[in-house]
Amino acid sequence: MTATEPAPTRREQILAIAADLFAARGFHGVSVAELGAACGISGPALYKHFPSKQAMLAEMLVSISERLLEVGRERVAAGGGDPAAALQGLVDWHVEFALGHRALIIVQDRDWESLPEDARDAVRRLQRSYVGLWADQLRALRPGLSRAAAHATAQAAFGLLNSTPRAGHGIPDAELRALLVAMAMAALTAVP
């Protein structure tokens with residue numbers, strides 16, 4: 001948390017704790033009673049904040065997808081119409097996200113099928129928009145790149161960046177950040 005960011009709400013604190021537990025043991029490996037205990041409340045008291053454990057998972061993954069897209073759009077706008085600057089901003093943002101939200105990457109990867117269908121649809125829609133944001137900047141930077149190739153290039157970069165929870169053990173985050181940024185920029189700007 002920085003000086004400009006508000007303190008997390010109780011709801012956000014619960015979601016962060018749940019993400020850590022789900023990442024460690026899987027969605028189905030964590031009971032409501034265990035979630036409550038980890039949050040310092042009874043399991044049933046969680047229902048004051050969320051109607052169900054699935055609703056928690058849904059809010060966790062939909063909200064982070066919304067945040068990725070929101071900040072992604074801000075980074076593109078900050079690029080001032082320069083696709084190289086916008087792409088750099090997108091990479092910097094995604095690396096920041098990947099390093100700061102390792103648990104969420106694991107949860108989405110492993111517990112996708114536990115997500116309610118409407119939430120899966122929302123996440124897919126948001127993620128398509130996020131990929132499109134990257135693809136648009138890639139095509140502006142490399143006008144000969146097809147839409148399909150731009151989308152594939154963006155997806156490949158996400159694969160690299162989203163491997164963060166399984167990579168980089170023993171490397172300080174500052175070093176890992178520099179490595180990921182350099183690798184992603186090299187992959188995104190490579191001419192096939």
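This tour visits an annotated region and two places where helices pack together in a predicted model.

**Stop 1: residues 8-68.** Begin by selecting residues 8-68. An unreviewed UniProt entry annotates this stretch as "domain: HTH tetR-type". Coloured by secondary structure, residues 8-68 are 66% helix and 0% strand. The C-alpha atoms at the two ends of the stretch lie 17 Å apart.

**Stop 2: α1 against α5.** Next, select helix α1, residues 10-25, together with helix α5, residues 102-111. Two packed helices are described by the angle between their axes and the distance between the axes. How far apart are the axes of α1 and α5, and at what angle do the helices pack? The axes are 8 Å apart, and the angle is about 55°. That angle makes α1 oblique to α5, because angles that are not roughly parallel, antiparallel or perpendicular count as oblique. The crossing of α1 past α5 is left-handed.

Now display the side chains at this contact. From α1, show A19, D20, F22, A23, A24 and R25; they meet A103, L104, I106, V107, R110 and D111 of α5. The residues of this contact comprise 8 nonpolar, no polar and 4 charged.

**Stop 3: α3 against α5.** Keep α5 selected and add helix α3, residues 53-78. Here the axes come within 11 Å and cross at roughly 120°. The crossing of α3 past α5 is also left-handed.

Which residues make this contact? On α3 they are L57, M60, L61, I64 and S65, and on α5 they are L104, V107, Q108 and D111. In the contact of α3 with α5, 6 residues are nonpolar, 2 are polar and 1 is charged.

How values were computed. Residues numbered from 1 in each chain as written. Predicted model: local features only at pLDDT ≥ 70, side-chain atom pairs only at ≥ 80, totals over all residues. Heavy atoms only, no water. UniProt positions renumbered as here; feature names shortened; annotations may be inferred. Helix = DSSP H or I, 4+ residues; strand = E, 2+ residues; numbered from the N terminus. Axes fitted to C-alpha atoms, helices over the stretch in contact; angles between N-to-C directions. Parallel < 35°, antiparallel > 145°, perpendicular 65-115°, else oblique. Left-handed = near helix turned anticlockwise from the far one by under 90°. Contact = heavy atoms within 4.5 Å. Nonpolar A, V, L, I, M, F, W, Y, C, P; charged D, E, K, R; others polar.
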